[in-house]
Amino acid sequence: MGDMTVIDSSPVRAPLPTALQDPCAAADGHPLPEGRDHYTISEVAQVTGLTAHTLRWYERIGLMPHVDRSHTGQRRFRNRDLDWLAFVGKLRLTGMPVADMVRYAELVREGEHTFEARQELLEATRRDVRARIAELQDTLAVLDYKIDLYADARRTPERY
């Protein structure tokens, strides 16, 4: 049987990318420098992999903070919007329901007095993610066992 991988769940944390430390802060690696960072919806779609329809929907449901507009009404996204979308992408990967993501966005807009509520929401999500990781580790152990079983059977076919 193969080795089982064990995940260390201790709270030691590696430094996070700037976009995750503060999802509204500028991060290195933006396509355009601060001050000249005006992106159209199609440019943001290309950079993020999201569709223009999804970006409009995010704005409509309150998941996106206020997006600036040009004098003609065209959306003008900034680097801080790209950072926010990267953070939302991480929340999506956690399996966080859209309603909870919208609630988190509302809390961010409400200001610093919501830090505790934001922390609680993220801690609940972290608990869910850790539970899913444990389930996946169990599943991986079963797969490893079966793979090893078939590998052994191919080496000594008369035993199986």
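Phe87, Leu91, Leu93 and Thr94 of helix α4 touch Leu122, Thr125, Val129 and Arg132 of helix α6 in this predicted model. Sort the residues of that contact by type and you get five nonpolar, two polar and one charged. Helix α4 covers residues 79-94 and helix α6 covers residues 115-155. Their axes come within 10 Å and cross at roughly 50 degrees. Roughly parallel needs an angle under 35 degrees, and roughly perpendicular needs 65 to 115, so α4 and α6 end up oblique to each other.

Let's step back to the whole chain for a moment. It has six helices and two strands, and reading along the sequence gives the pattern α-α-α-β-β-α-α-α. Of the 160 residues in the chain, 28% are buried. As for contacts with a separation of 6 or more, 57% of them come from residues 24 or more positions apart.

One such long step along the chain leads from α4 back to Thr48. Ala86 sits in helix α4, and its C-alpha atom is 7.7 Å from that of Thr48, although the two residues are 38 residues apart along the chain. Is Ala86 buried or exposed? Neither label quite fits: with a relative accessible area of 38%, Ala86 is partly exposed, because that class runs between the 20% and 50% cut-offs.

Now for another pair of helices, α2 and α3. Here the axes are 9 Å apart, and the packing angle is about 105 degrees. That value falls in the 65 to 115 range, so α2 and α3 are roughly perpendicular to each other. On the α2 side the contact uses Ile41, Val44 and Ala45, and on the α3 side Ala52, Leu55 and Arg56. This contact divides into five nonpolar residues, no polar ones and one charged.

Stay with α3 a little longer and look around its axis. Which residues of helix α3 (residues 52-61) are buried? They are Leu55, Tyr58 and Glu59. These three cover an arc of only 95 degrees around the axis, which puts them on the same side of α3. Turn to the face pointing away from that buried side and you find the exposed residues His53 and Arg60. The cover over the buried residues of α3 includes α2 (41-48), β1 (68-69), β2 (75-76) and α4. Just after α3 comes Gly62, with a positive phi of about 90 degrees.

Glu59 is a good way into the charged pairs. Side chains of opposite charge can pair when their charged atoms come close. The count for this model is eight salt bridges. One of them joins the side chains of Glu59 and Arg69, at 3.5 Å from N to O. This pair links distant parts of the chain, with Glu59 in helix α3 and Arg69 in strand β1, 10 residues apart. What about exposure? Glu59 is buried, because its relative accessible area of 19% is under the 20% cut-off. Arg69, at 43% relative accessibility, counts as partly exposed.

Arg78 takes us further. It forms a salt bridge with Asp37, and the closest N and O atoms of that pair are 2.8 Å apart. Asp37 is in the loop between α1 (18-21) and α2, while Arg78 is in the loop between β2 and α4, so this pair links distant parts of the chain, 41 residues apart. Both Asp37 and Arg78 are buried, Arg78 having a relative accessible area of 17%.

Arg78 also forms a salt bridge with Asp68, where the closest N and O atoms are 4.0 Å apart. Asp68 lies in strand β1 and Arg78 in the loop between β2 and α4, so this bridge ties together parts that are 10 residues apart in sequence. Asp68, at 24% relative accessibility, counts as partly exposed. Put the pairs together and a network appears: salt bridges that share partners join Asp37, Asp68, Arg78 and Arg80.

Technical notes
Residues numbered from 1 in each chain as written. Predicted model: local features only at pLDDT ≥ 70, side-chain atom pairs only at ≥ 80, totals over all residues. Heavy atoms only, no water. Axes fitted to C-alpha atoms, helices over the stretch in contact; angles between N-to-C directions. Helix = DSSP H or I, 4+ residues; strand = E, 2+ residues; numbered from the N terminus. Parallel < 35°, antiparallel > 145°, perpendicular 65-115°, else oblique. Contact = heavy atoms within 4.5 Å. Nonpolar A, V, L, I, M, F, W, Y, C, P; charged D, E, K, R; others polar. Buried < 20%, exposed > 50% of the residue type's maximum accessible area, 1.4 Å probe, protein only. Arc of directions from axis to C-beta.
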